[in-house]
Amino acid sequence: MSSLRSYDPSEDALPITKLYPMVGPIEKEESAVEAFGEIFAFFERHPEADLGSPGPLVHLIESHVGKYEDLLAASLKRKPSVTTVTMAHRILNAHRSSKERNELMALLADVSGNPDSSDYVREQARHYHECQTRG
């Protein structure tokens, strides 16, 4: 996943076509979790990038339930991105503990009011928070 360090999705009309080949070699490996820190750093460097819906990086991470949630929370606190906000929303749509749900809802609320986040990221966090509140 070191190729993520030099990749800039803003230079591609369709970044997803570059991301699949990066993910392919490690997606079935148990050691894939070792790349998660680098992936979250990538999300933070490109907070508004359209990386798929949800895209290969998110699919890779989400295939390892229980091994990425703390990294996601830390990334949302550090530098939220559209991708990490969407990941939080996807977890909230799944059946998780009320403790985890409350923590993610609080993080979305924090992001929606975070002046260091872009308007777009704040709006997405606000939208997802409202969706989850309405049920």
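Among contacts in the protein between residues at least 6 apart in sequence, what share joins residues at least 24 apart? The share is 65%. The model is a predicted one. Its secondary structure comes to 8 helices and 0 strands, and along the sequence the pattern reads α-α-α-α-α-α-α-α. The points below go from the overall form to helix H3, its aromatic pairs, the nonpolar core and a few local sites.

**Overall form**

- The radius of gyration is 14 Å, close to the 14 Å that the globule rule gives for 135 residues, so the protein is as compact as a globular protein of that length.
- Along the principal axes, the C-alpha atoms fill a box of roughly 40 × 30 × 20 Å.
- Of the 135 residues in the protein, 47% are buried.
- The exposed surface comes to about 7,300 Å², and carbon and sulfur atoms supply 50% of that area.

**Helix H3**

- Helix H3 covers residues 36-45.
- In H3, 7 of the 10 residues are buried, so this helix is largely enclosed by the rest of the structure.
- The buried residues of H3 are Phe-36, Glu-38, Ile-39, Phe-40, Phe-42, Phe-43 and Glu-44. Two glutamates, Glu-38 and Glu-44, are thus on the buried list.
- These buried residues pack against H1, H2, H4, H5 and H6.

**Phe-42 and its surroundings**

- Phe-42 is found in helix H3 and counts as buried, at 0% relative accessibility.
- Leaving aside neighbours within four places in sequence, Phe-42 is in contact with Leu-4, Tyr-7, Pro-9, Leu-19, Leu-51 and Leu-57.
- One of these contacts, Leu-19, is itself a buried residue of H2.
- The C-alpha atoms of Phe-42 and Ser-81 are separated by 9.8 Å, although the two residues are 39 apart along the chain.

**Aromatic pairs**

- A search of the whole structure finds 2 aromatic pairs.
- Tyr-7 and Phe-42 form a stacked pair, with 6.1 Å centre to centre and 20 degrees between the planes.
- Tyr-7 lies in the loop between helix H1 (3-6) and helix H2 (16-23), while Phe-42 is in H3, so the pair ties together parts that are 35 residues apart in sequence.
- Tyr-7 is buried, with a relative accessible area of 10%, and its partner Phe-42 is at 0%.
- Phe-40 and Phe-43 form an edge-to-face pair, with 5.7 Å centre to centre and 90 degrees between the planes.
- Phe-40 and Phe-43 are 3 residues apart in helix H3, and so are separated by about one helical turn.
- Both rings of this pair belong to buried residues: Phe-40 has a relative accessibility of 1% and Phe-43 one of 0%.

**Nonpolar core**

- In soluble globular proteins, nonpolar side chains tend to be buried together.
- Here the largest nonpolar core has 36 residues, and those with the most contacts inside it are Ile-39 and Phe-43.
- At least two residues of this core come from each of H2, H3, helix H4 (56-62), helix H5 (69-78), helix H6 (82-93), helix H7 (98-112) and helix H8 (119-134).
- H6 gives the most to the core, with 6 residues.
- Both Ile-39 and Phe-43 are among the buried residues of H3.

**Helix H2**

- Leu-19, Met-22 and Val-23 are buried in H2.
- Leu-19, Met-22 and Val-23 cover an arc of only 90 degrees around the axis, which puts them on the same side of H2.
- The buried residues of H2 pack against H1, H3 and H4.

**Loop sites**

- Ser-53 and Pro-54 are joined by a cis peptide bond, with omega about 10 degrees.
- Pro-54 has its place in the loop between H3 and H4.
- Asn-114 lies in the loop between H7 and H8.
- The relative accessibility of Asn-114 is 16%, under the 20% cut-off, so this loop residue counts as buried.
- Not counting residues up to four places away in sequence, Asn-114 touches Pro-80 and Arg-122.

Methods. Residues are numbered from 1 along each chain as its sequence is written. This is a predicted model: local features need pLDDT of at least 70, side-chain atom pairs count only at pLDDT 80 or more; totals for chains, interfaces and linings use all residues. Side-chain values use heavy atoms; hydrogens and water are left out. Rings of Phe, Tyr and Trp (its six-membered ring) pair if their centres lie within 6.5 Å; planes under 30 degrees apart count as stacked, over 60 as edge-to-face and the rest as tilted. Helices (H or I, at least four residues) and strands (E, at least two) are DSSP runs, numbered from the N terminus. Buried means under 20% relative accessible area, exposed over 50%, partly exposed in between (1.4 Å probe, protein chains only). A nonpolar core is a set of buried Ala, Val, Leu, Ile, Met, Phe, Trp, Tyr and Cys residues joined through side-chain atoms within 4.5 Å. The arc is that of the directions from the helix axis to the C-beta atoms. Contact means heavy atoms within 4.5 Å. The radius of gyration is taken over C-alpha atoms; the globule rule is 2.2 Å times the number of residues to the power 0.38. Accessible areas come from the Shrake-Rupley method with a 1.4 Å probe; for residues, only the protein chains shown count as cover.
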